[in-house]
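Student: Could you take a close look at a single part for me, and then walk outward from there to the rest of the fold? I would like to hear how the pieces connect.

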Amino acid sequence: MKQKRDRYEMHKYWGKKPSNDLKQLIERYSNEGDTLLDPFAGYGVFCSEAFILNRNVISNDLNPVANYINIQLLEKNIDLLLLEKQWKKIKSEFLPFNEKWFRYTLNNKSILLTTILRDKNDIPVMGKFREIGSRKSTEFKFSNKEAQEYLKFEEKQIITDWYPTIDLIKNSRISAKEGMNVSDLFTKRTLACHAKLLTLIEKHSTGKEKDFLKIAFTANLANCSKLVPPIKSRGPMAPGTWMTGFYIGETYLENNVLHYFENRLKKIFKGKTDYLNQFDSTEESNITYRTLQNDAKSLSIENESIDYVFTDPPYGDAVPYFEQSIIWNSWLKLNPDYENEIVISDSKERGKNSNKFEEEINLAFSEIRRVLKPNKYFSITYHSLSGKEWKAITNACIKNGFELVEYEWLVQKSFTPRQINRLKSIKGDVLVTLQKTSNNELITCKSDNEIEQLFVSQIENWLDGVGLETNEIFLKTMKMVFSEKILIGDVDLLKILIENFKFSENQKWILNDQLELQTTK
């Protein structure tokens with residue numbers, strides 16, 4: 001879901017939750033002056049909203065680039081006029097360098113390319129430019145001769161500025177192949193321009209302003225890499241966007257680094273202005289923020305010092321954050337602690353399987369219980385409701401003695417019969433709020449077969465005479481699991497539904513005999 005706030009559009013980091021929903025949670029479960037924690041802060045939306053609402057915040061993320069983004073997001077003492085002045089100096093030196101790479105002669109006329117369509121062999125196929133004073137772009141096709149001249153120019157150039165050559169972690173799940181490194185994600189043209197731009201930022205900027213320019217720099221990297229595919233249904237050069245992974249398609253778009261960086265910089269200025277406008281500069285405040293880069297399994301936070309915890313934990317193998325963040329961490333010369341990342345990774349060399357994920361999520365939730373004050377609240381959202389991730393997260397909540405307060409949908413999603421029949425994971429953002437109590441009720445331990453039979457029996461009761469949507473059944477089941485403290489084994493609720501019940505034409509689950517009645521009628 002796209003964020004509506006400019007302050008949350010400054011970087012492409014994944015997993016941002018709707019700020020309005022987070023604001024409501026903060027106001028419901030905490031008071032002004034309280035101390036709030038997000039141990040898997042990501043971009044930092046929750047901590048930003050909490051800080052704006054006059055709460056002390058501790059924003060923690062082991063991923064160095066997430067921590068770096070958090071620091072710049074929460075910082076109030078930044079001089080935007082100085083930042084603009086520094087950028088003008090940088091641009092004055094970068095402009096001729098960038099133009100050398102993107103200046104092109106077409107029909108005996110000098111043009112400045114904004115985008116080049118290249119094939120999987122890096123051969124230019126089409127180009128796009130904009131006439132001076134015109135908002136409309138013009139596209140053209142490269143002839144074989146023009147394409148060869150374009151490539152010859154690249155071959156003659158030597159890159160003298162530093163750029164990262166760190167190897168990607170081999171992982172077929174995100175198209176990271178053997179021997180592939182960060183520089184392979186860029187053409188020589190965009191690699192040279194990014195390297196020069198970073199050199200000039202280091203040369204002409206200082207302090208917090210320099211860090212902020214680096215946020216814009218990293219946010220722009222994927223825009224000007226080989227990872228931007230065209231949306232062919234809209235045209236051969238219709239701009240797509242990098243989502244996740246390092247897949248380079250049959251064709252990709254090579255974008256003008258300066259052009260796209262300036263667009264990103266505008267978002268940065270808008271975002272920071274939006275953030276600063278949330279505070280009354282005339283009032284003094286004792287409210288503080290801390291940004292930590294701790295392992296969530298070992299937080300450097302005092303016992304029972306936190307009034308409310310919210311977090312959106314790792315998504316299992318849906319997003320291997322550290323592996324994908326290498327495109328940002330490497331350019332910032334930041335070194336992730338891969339060993340302590342909580343994740344399921346398809347990379348065999350990492351040893352991050354589902355059992356390890358469940359073990360480490362449990363340790364992280366134990367830390368949350370340790371730092372949370374008695375009778376205070378802990379909210380968690382996760383988007384996978386089928387498979388290993390929800391099992392690990394649900395079991396960790398139960399094992400650490402949290403009592404269920406609320407179980408609801410943060411973002412709902414309906415499912416088509418085709419999606420159901422494919423046996424794929426159900427997706428939707430679920431919000432669970434729990435309370436730290438001293439209640440030591442016994443945990444219910446059942447075999448997988450017993451749990452499956454319990455689920456079937458309960459679902460039969462719920463479907464007696466009525467049909468229920470997938471979301472409704474998951475909601476009811478999970479409330480039962482939390483309320484009765486049932487540890488889940490290798491039980492797939494979606495599979496249970498498919499094997500024991502029918503999915504009707506109006507997209508509701510019904511009993512088998514109800515389907516026969518409908519057919520008879």
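Tutor: Happily; let's start with Lys479, which lies in helix α15 (residues 470-483). Before going on, please keep in mind that this is a predicted model, in which local features need pLDDT of at least 70 and side-chain atom pairs count only at pLDDT 80 or more, while totals for chains, interfaces and linings use all residues. Residues are numbered from 1 along each chain as its sequence is written, and side-chain values use heavy atoms, with hydrogens and water left out. As for the element names, helices (H or I, at least four residues) and strands (E, at least two) are DSSP runs, numbered from the N terminus.

Lys479 has 38% relative accessibility and therefore counts as partly exposed; that class lies between buried, under 20% relative accessible area, and exposed, over 50% (1.4 Å probe, protein chains only). Leaving aside residues up to four places away in sequence, Lys479 touches Leu404 and Tyr407, where a contact means heavy atoms within 4.5 Å. For a sense of distance, take Phe269: 210 residues separate it from Lys479 along the chain, and their C-alpha atoms are 44 Å apart.

Moving past α15, we come to Lys485, in the loop between α15 and α16 (493-500). Its phi is near 55°, a positive value in a residue other than glycine. With a relative accessible area of 4%, Lys485 is buried. Asn375 also has a positive phi, about 65°, although it is not a glycine. Asn375 sits in strand β10 (residues 372-384) and, at 47% relative accessibility, counts as partly exposed.

From the backbone we can turn to charged side chains. The structure holds 28 salt bridges, each being a side-chain nitrogen of Lys or Arg within 4 Å of a carboxyl oxygen of Asp or Glu. One of them pairs Lys17 with Asp312, with 3.8 Å between the closest N and O atoms. Lys17 belongs to the segment before α1 (19-29) and Asp312 to the loop between β9 (306-311) and α9 (321-324), so this bridge ties together parts 295 residues apart in sequence. Both partners are tucked away: Lys17 counts as buried at 6% relative accessibility, and Asp312 counts as buried at 10%.

Another bridge joins the side chains of Arg118 and Glu154, at 2.8 Å from N to O. Here strand β4 (residues 109-119), which holds Arg118, is linked to helix α5 (residues 144-156), which holds Glu154; the two residues are 36 apart. Arg118 is buried, with a relative accessible area of 1%, and Glu154 is buried at 7%.

Lys196 pairs with Asp161, their closest N and O atoms being 3.1 Å apart. That bridge connects helix α6 (residues 188-204), home of Lys196, with the loop between α5 and α6, where Asp161 is found 35 residues away. Lys196 and Asp161 are both buried. Salt bridges can also share partners, and in this way Arg118, Glu154, Arg189 and Glu254 are joined into one network.

For burial along a whole element, look at helix α3 (residues 64-74): 10 of its 11 residues are buried, so α3 is largely enclosed by the rest of the structure. Among those buried residues are Pro64, Tyr68, Ile69 and Leu73. The cover over the buried residues of α3 includes helices α2 (45-52), α7 (207-221), α8 (257-276) and α10 (326-329), along with strands β2 (56-60) and β8 (289-292).

Finally, let's step back to the whole protein, which has 17 helices and 14 strands. Its radius of gyration is 26 Å, close to the 24 Å that the globule rule gives for 521 residues, so the protein is as compact as a globular protein of that length. (The radius is taken over C-alpha atoms, and the rule is 2.2 Å times the number of residues to the power 0.38.) The C-alpha trace spans about 80 × 65 × 45 Å along its principal axes, and 56% of the 521 residues count as buried. Among contacts between residues at least 6 apart in sequence, 74% join residues at least 24 apart.
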